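Please work through the exercises below with the sequence and the model at hand. Each task is followed by a solution in steps.

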Amino acid sequence: SINDNSLSLNVKPGKDAGEPVTISLWPPLEYYLIDNRAVTAQNREGKIEIEREPGSRVVRIRGKIQREGGKSYLLAIDDPALYAASALADALTRRGIVISGKAAAKHRYPGEAAMENQRGGAAASLPKVELARRTSPPLIESLRIILKESQNLQAELVLREVARARCDLGSLEGGLKEMKSFLTEAGIGEDEYHLEDGSGLSRLDLVTPATVTKLLRYMHGSEYGAVWMGLLPIAGEDGTLRWRFGGVPAARRIRAKTGTLSHVSALSGYAETATGELLAFSILANHYNGSAWEIRRVIDKICGALIQ
């Protein structure tokens, strides 16, 4: 994964009305074919439309943009593995290394990686040559970003990294197996949850507030309790709770992780009462038909009552 599996498409107007806009990409890699039909607007009115059909590598840009300044749009990468391979090929080429052929990516079907591992792996006998090495930041830094900013992609990658570190197989299946083992260690039975991923984005993920609270109590009492508490967003101060509980100084006694999908709002973590008692809580709201803002306001009121 490079650049969080996304790229920035920057649009700048021309000098005069009617002139084509200028397009640039960051990272500057020619991965998508750009069909640019956008022009500079004559007045302050203007709107840019960006389209990419599923499975297509063509990005169509049309519309008009104001002559004052430009705009930046975030595009998702359709094939992260191929994008990474293309970026590596581009980096090598720019450094004078001649490459024959084109960058390519091979994808395993679910379960295929485990089968290869049992057979010894098709690549196990191939000679390994280290071309380059990049030392990542400490794991704690990745976890801080995941929990503070709710970075779902990195949550998925860490799930697979756990599998790679524990059983040398960085697959989703391996990660879920390790997570199941950990939850068992935490005293949580298999009938208390159903998880399909590492981020909680799957609509098939099922868990109860009681189960989440049980996990929170386990983590607080574990040898990593202090570190764990330091990773959670602080209400009214940072992360996804930066703008929640505004104007309530006591709200900083709440450390919790948000969870948001369409018609789903959740908040789970810890609340320190006025007497110094620490409470673990989990509030999960599903299938509501009102606005997400209204639901969050109710959740915040509940948390406010906990710290009284």
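The exercises that follow concern a predicted model and go from the whole chain to single residues.

**Exercise 1. The protein as a whole**

Task: Describe the secondary structure, the extent and the surface of the protein.

Solution.
- Step 1. Begin with the secondary structure: the protein has eight helices and 12 strands.
- Step 2. Turn to the extent. The C-alpha trace spans about 65 × 65 × 35 Å along its principal axes.
- Step 3. Consider burial and surface. Of the 308 residues, 31% count as buried. The accessible surface comes to about 19,900 Å², and carbon and sulfur atoms hold 55% of that surface.
- Step 4. Consider the contacts. Among those with a separation of 6 or more, 51% are made by residues 24 or more positions apart.
- Step 5. Finish with the charges: the protein has 40 positive and 37 negative ones, and the mean positions of the two sets are 4 Å apart.

**Exercise 2. Helix α8 and the cysteines**

Task: Establish which residues of α8 are buried, what covers them, and how many disulfides the model contains.

Solution.
- Step 1. Locate the helix. α8 covers residues 292–306, and its 15 residues reach 21 Å from the first C-alpha to the last, close to the 21 Å expected at 1.5 Å a residue.
- Step 2. List the buried positions: Ile295, Ile299, Asp300, Cys303 and Gly304.
- Step 3. Identify the cover. The elements over these buried residues include the strands β10 (254–261), β11 (264–272) and β12 (278–286).
- Step 4. Examine two cysteines. Cysteine 303 has a relative accessible area of 0% and is therefore buried. Cysteine 167, at 32% relative accessibility, is partly exposed.
- Step 5. Apply the disulfide criterion. A disulfide is a covalent bond between the sulfur atoms of two cysteines. With a cut-off of 2.5 Å between cysteine sulfur atoms, the count is zero.

**Exercise 3. Helix α5**

Task: Determine the packing of α5 and the residue with positive phi that follows the helix.

Solution.
- Step 1. Take the helix span. α5 (residues 172–185) has 14 residues and reaches 20 Å between its first and last C-alpha, close to the 20 Å expected at 1.5 Å a residue.
- Step 2. Name the buried residues: Gly174, Gly175, Glu178 and Leu183.
- Step 3. Find their partners. The buried residues of α5 pack against α4, β8 (193–194) and α6 (209–221).
- Step 4. Look past the helix. Glycine 187 follows α5 and has a positive phi, near 85°.

**Exercise 4. Backbone features in loops**

Task: Locate the cis peptide bond at proline 27 and state the phi values of serine 150 and histidine 287.

Solution.
- Step 1. The cis bond joins tryptophan 26 and proline 27, with omega about -5°. Proline 27 is in the loop between β2 (22–26) and β3 (33–36).
- Step 2. Serine 150, a residue other than glycine, has a positive phi near 60°. Serine 150 sits in the loop between α3 (139–149) and α4 (152–167).
- Step 3. Histidine 287 is not a glycine either, yet its phi is positive, about 60°. The loop that holds histidine 287 runs between β12 and α8.
- Step 4. Assign exposure. Serine 150 is at 26% relative accessibility and so counts as partly exposed. Histidine 287, at 77%, is exposed.

**Exercise 5. Two residues of one loop**

Task: Are isoleucine 234 and threonine 240 buried or partly exposed, and which residues does each touch?

Solution.
- Step 1. Place the residues. Isoleucine 234 is in the loop between α7 and β10, and threonine 240 is in the loop between α7 (225–231) and β10.
- Step 2. Classify them. Isoleucine 234 is at 9% relative accessibility, so this residue counts as buried. Threonine 240 is at 28% and therefore counts as partly exposed.
- Step 3. List the contacts beyond four places in sequence. Isoleucine 234 is in contact with Lys148, Leu241, Arg252, Ile254 and Arg255. Threonine 240 touches Lys148, Glu149, Ser150, Pro233 and Thr258.
- Step 4. Compare sequence and space. Isoleucine 234 and alanine 251 are 17 residues apart in sequence, with their C-alpha atoms 8.2 Å apart. Threonine 240 and arginine 57 are 183 residues apart in sequence, with 33 Å from C-alpha to C-alpha.

Terms used
Residues numbered from 1 in each chain as written. Predicted model: local features only at pLDDT ≥ 70, side-chain atom pairs only at ≥ 80, totals over all residues. Heavy atoms only, no water. Helix = DSSP H or I, 4+ residues; strand = E, 2+ residues; numbered from the N terminus. Expected span 1.5 Å × (residues − 1). Buried < 20%, exposed > 50% of the residue type's maximum accessible area, 1.4 Å probe, protein only. Contact = heavy atoms within 4.5 Å. Areas by Shrake-Rupley, 256 points an atom, 1.4 Å probe, with all protein chains shown as cover. Lys, Arg positive; Asp, Glu negative; His and termini not counted. Charge placed at Lys NZ, Arg CZ, Asp CG, Glu CD.
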